[in-house]
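User: I'm new to this one and would like to know where the labels come from. Can you take me through the reasoning?

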Amino acid sequence: MRVTHVITGLDRGGAENTLYRLVAAQSNPAQHSVISLTDAGLFGERLRALGVEVRCLGLRRGAIPSPMAILRLRRWLTQLRPAVVQTWMYHADLIGGIAARLAGVPVCWGVRQSNLSPEHNKRMTLMVAALCARISALVPARIVSCSMRAIDAHSGIGYTDKFDLVPNGLDLSHFKPLEADRLQTVRAALGIPADDRVVGHISRADPIKDHSSLLAAFSLATARRPDTWLLVAGLGLQSGDPYFEALVSDSNIAPFASRIVALGQRDDVAQIMGAMDVFVLTSIGEAFPNVLVEAMACGTPCVATDVGDSAEIVGDTGWVRPPRDIAGLARSIIAALEEPEHLHNARRRLARQRIADNFTIEQMLEAYETVWQKAMRER
């Protein structure tokens, strides 16, 4: 089946990463094409390396698109002749949806956010989401969402009932537990003693990730367990970055700063996650946190805030706390670190098995193809 994906951009991000994984898992990736409303970003060349045609409209981020951009996109879709168009994120839903309808191609929207509060979203983003809600009965054949809470949130602002829940999936051959000797090698390279305990976190520098709660909970856990380290990675989470330096300069955190390893942006995420004893997600807003699936696939139990579909992902393999519950997060971290070895190893196996049962790349691929077939029947 020929599918064209329309996405706002191709830089690092949850939607972009999921798009790449979905296309890479196809038996023939060249049957897919990708149109970025902005530029090729990080994933453009990676997709091209798979034989995927990637085109870029070159729109300025956050700008209101002109009718000419929609007509140009329509012309491209007419040339590519896909059986279905899959859009990703609000601006692509709006622009790609209209262009696909004009080209006579059924379109599936992609909705991912579960937090639509003005506090955590740009005004333009919410305006586009509201406009999409008004035309959702007319433009998309189906609407795909990775999160049940995201479906509920968008139904609440007027989206029509065309939703299909498709959780994100993961390649378990890439994300897997480290062998004991490899684990020690990774820790040694990071300067972490072999027998110490490691609390981990991976995200980007963004207030919605609530890193202040992460560091506060870590400081409480370290006061109880002085052999504990915090391993963080992600864009902006590195020594010297103003965002990170502002976090560790807090007087309550400073005494523990020497036990924080901040790596910044990394490509060896699977190995880093495999070197952790427990992964902690402190976000105050998510839809489907991919990092939880990645950590659990690596056999790393998780402590997560109850945002988006975190509780559904973690299940009974870890701990779920309300957002900003610093004391509760600290208690859960300590519980994970002080769990007897045989119970902790059993929890590691259960965490990976939960991902194998519910969130594999094969399951995601099959679900998307089912939705696309449905869209073609309902055009």
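User: What makes up the lining of the second largest pocket, by class?

Analyst: This is a predicted model, and in it the lining of the second largest pocket has ten charged, six nonpolar and four polar residues. Asp, Glu, Lys and Arg count as charged, so Asp277, Glu341 and Arg348, which are among the residues nearest the pocket's centre, go into that class. His344 and Asn345 also lie nearest the centre, and they count as polar because they are on neither the nonpolar nor the charged list.

User: Which helix gives the most to that lining?

Analyst: That's α14, with six residues. The lining has 20 residues in total, and α7 (180-190) and α14 (341-358) each supply at least two of them. The space in this pocket comes to about 420 Å³.

User: Why is α8 called oblique to α13?

Analyst: Start with the angle: the axes of α8 (residues 211-224) and α13 (residues 326-337) cross at roughly 50° and come within 8 Å. Angles under 35 degrees count as roughly parallel, and 65 to 115 as roughly perpendicular. A value of roughly 50° fits neither, so α8 is oblique to α13. The crossing is right-handed.

User: Which residues meet there?

Analyst: From α8 you have Ser213, Ala216, Ala217, Leu220, Ala221 and Arg224, and they meet Ile326, Ala327, Leu329, Ala330, Ile333 and Ile334 of α13. By class, that contact divides into ten nonpolar, one polar and one charged.

User: How do you know that α11 and α14 are oblique rather than roughly perpendicular or roughly antiparallel?

Analyst: Helix α11 (residues 290-297) packs against α14 at about 120°, with the axes 7 Å apart. Roughly perpendicular covers 65 to 115, and roughly antiparallel needs over 145. About 120° falls in neither range, and α11 and α14 are therefore oblique to each other. This crossing is left-handed. Val293, Met296 and Ala297 of α11 make the contact with Ala351, Arg352, Arg354 and Ile355 of α14. Five of these residues are nonpolar, two are charged and none is polar.

User: What makes α1 and α15 roughly perpendicular?

Analyst: Their axes cross at roughly 90° and come within 10 Å, with α1 spanning residues 14-24 and α15 residues 361-378. The range for roughly perpendicular is 65 to 115 degrees, so the label fits α1 and α15. Thr18, Arg21 and Leu22 of α1 touch Ile361, Met364, Leu365, Tyr368 and Trp372 of α15. That contact has six nonpolar residues, one polar and one charged; Tyr368 and Trp372 go with the nonpolar group because Tyr and Trp count as nonpolar.

How values were computed:
Residues are numbered from 1 along each chain as its sequence is written. This is a predicted model: local features need pLDDT of at least 70, side-chain atom pairs count only at pLDDT 80 or more; totals for chains, interfaces and linings use all residues. Side-chain values use heavy atoms; hydrogens and water are left out. On a 1 Å grid over the protein atoms alone, a cavity is a set of points where a 1.4 Å probe fits but cannot get out, and a pocket is an open set with protein on both sides within 12 Å along at least five of seven lines; lining residues have an atom within 4 Å of a point. Grid points are joined across faces, edges and corners, and a volume is the space filled by probe spheres set on the points. Helices (H or I, at least four residues) and strands (E, at least two) are DSSP runs, numbered from the N terminus. Axes are lines fitted to C-alpha atoms, for helices over the stretch in contact, and angles run from 0 to 180 degrees between N-to-C directions. A crossing is left-handed if the near helix is turned anticlockwise from the far one by less than a right angle, and right-handed if clockwise. Contact means heavy atoms within 4.5 Å.
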